[in-house]
Amino acid sequence: QQQQQQQQRQQQQAEAEAKARGEGQGGSIMSGEAAAALSEGVQACVDAFKAGKPVMVFDSAFREGETDLLWAASSATAAAMRQLRRDCGGLLFLAIGDEVGERFGLPYLQDLHTHEALLEKYPVLKELQTNDLQYDSRSAFTLSMNHRETFTGITDKDRALTTRRFAELFSELVEDDASPKESLARLGKEFRTPGHIPICRESTGGLKKRRGHTELSVSIARLAGVAPVVIGAEMLQPDGDNALSVEDARAYAAKHGIPMVTGADLVEAHGLPRPTEEEERAAKKPKLAEATEEKAEATEA
């Protein structure tokens, strides 16, 4: 019996380590031959993440139409936070792999805000339901956090600490084969909510199911072999009225020596069919129709 238990623990640890490397998540299993076939742009992003440097990702002209500046969270520094804050203009967010959210039991805010008991206690939640997203059918946001050693949590130094330690803690828990109970305890010992780092959780199935910036961001981390936890921000035009154009984003990337890829590049890198323009257009239409239908039903109710 002891031998069986030991074998079970070893198997669980192997599965946990595989998840930390991203295997089995969203078509992320990469053989040596497949890895060698990465496009020049994707390989440059992988090398940048391994070296603690930033990358840029444009999702699609038929989705959000935005470019994000990204760092592997384990490489987060105060200087990186300053660059995100000064050069991007959009929200700083922490993208996490589904396995990270699963280990910590992090709920999607959309699920919390539609929970029957909470709707009854806080009627305002019913009025504020997310049922009209124009770029997707679901939001990736989960809880926001601060590290307990931060003061307000908003300074570049504070946000760097929260970001970096979150990624480090996940890796430590995987290495220690920590139980769910221990994982929660160690998370609570270091972090509190709400905080100044909003977290976005990858959909189960990754790029196979959803191709938002959350999934795209952690997909690079997996290719690079680092923890699937990524800090980033949306890049806006200087006046803030629109997303930074692709042309201006590429100019910024060239000026600062930052590799830049598209969502389609990353989808292809993970062994999935590269979406055509027609497929991307078609993928957006059902989401708009679904959101409109849900909003109408909510109004009638």
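Let's start in the sheet. Strand 3 and strand 6 are antiparallel partners, paired over 6 bridges. Within that pairing, Leu-92 sits opposite Ala-233 of strand 6. One caution before I go on: this is a predicted model.

Now the other neighbour of strand 3. Strand 5 runs parallel to strand 3, and 3 bridges join them. Here Leu-94 stands opposite Ile-199 in strand 5. How much of strand 3 is covered? Mostly covered is the answer, with 6 of its 8 residues buried.

Strand 5 has a further partner. Strand 4, residues 141–147, pairs with strand 5. That pairing is antiparallel, over 5 bridges. Asn-146 has Arg-192 in strand 5 as its bridge partner. Strand 4 is mostly covered too: 5 of its 7 residues are buried.

One backbone detail in strand 5. The strand covers residues 191–201, and Pro-194 is in it. The peptide bond between Thr-193 and Pro-194 is cis, with omega at about 5°. Check that one on your screens.

Let me step back for the overall numbers. The protein has 14 helices and 7 strands. It has 301 residues, and buried ones make up 45% of them. On contacts: take those with a separation of 6 or more, and 74% come from residues 24 or more positions apart. The exposed surface is about 15600 Å², and carbon and sulfur atoms supply 50% of that.

Next, the cores. In soluble globular proteins, nonpolar side chains tend to be buried together. Here the largest nonpolar core has 40 residues. Which members touch the most other members? They are Met-56, Leu-69, Leu-84, Leu-94, Phe-104, Phe-166 and Val-229. Helix 9 gives the most to this core, 7 residues. Apart from this core lies another one, of 28 residues. Its members include Val-57, Val-218, Leu-223 and Ala-269.

Back to Leu-94, which we met in the sheet. Leave out residues up to four places away in sequence, and its contacts include Ala-73, Thr-163 and Phe-166. Leu-94 also touches a run from Ile-197 through Pro-198 and Ile-199 to Cys-200. Val-229, Val-230 and Ile-231 complete its list.

On to helix 4, residues 78–87. Which of its residues are buried? Ala-80, Met-81 and Leu-84 are. They cover an arc of only 100° around the axis, so they fall on the same side of helix 4. And what do the buried residues pack against? Two of the elements are ones from the sheet: strand 3, residues 89–96, and strand 6, residues 229–235. The others are strand 2, residues 67–72, and helix 9, residues 156–175. Just after helix 4 comes Gly-89, with a positive phi of about 90°.

There is another positive phi after helix 9. Asp-177 lies in the loop between helix 9 and helix 10, the latter being residues 180–190. Asp-177 is not a glycine, yet its phi is positive, about 55°. Is Asp-177 buried, exposed or partly exposed? Its relative accessible area is 26%, so partly exposed is the class.

Last element: helix 11, residues 213–224. First, its length. At 1.5 Å a residue, its 12 residues should span 16 Å. The end C-alpha atoms are 17 Å apart, which agrees.

Then its burial. 12 of the 12 residues of helix 11 are buried, so the helix is largely enclosed by the rest of the structure. The buried set is not purely nonpolar by name: His-213, Glu-215 and Arg-222 are among them. So are Leu-216, Val-218 and Ile-220. Val-218 also belongs to the 28-residue core, and so does Leu-223.

Take Ser-219 as one example from helix 11. Why is Ser-219 classed as buried? Because its relative accessible area is 2%, and the cut-off for buried is under 20%. Which residues does Ser-219 touch, not counting those up to four places away in sequence? Leu-207, Leu-266 and His-270.

Helix 11 is followed by Gly-225. Its phi is positive, near 75°.

To recap briefly. Strand 3 pairs with strand 6 in the antiparallel sense, and runs parallel to strand 5. Helix 4 packs its buried residues against strand 3 and strand 6, among others. Helix 11 is largely enclosed. That's my tour.

Definitions and conventions: Residues numbered from 1 in each chain as written. Predicted model: local features only at pLDDT ≥ 70, side-chain atom pairs only at ≥ 80, totals over all residues. Heavy atoms only, no water. Buried < 20%, exposed > 50% of the residue type's maximum accessible area, 1.4 Å probe, protein only. Helix = DSSP H or I, 4+ residues; strand = E, 2+ residues; numbered from the N terminus. Arc of directions from axis to C-beta. Contact = heavy atoms within 4.5 Å. Expected span 1.5 Å × (residues − 1). Core = buried A, V, L, I, M, F, W, Y, C linked by side-chain atoms within 4.5 Å. Pairing = 2+ DSSP bridges. Areas by Shrake-Rupley, 256 points an atom, 1.4 Å probe, with all protein chains shown as cover.
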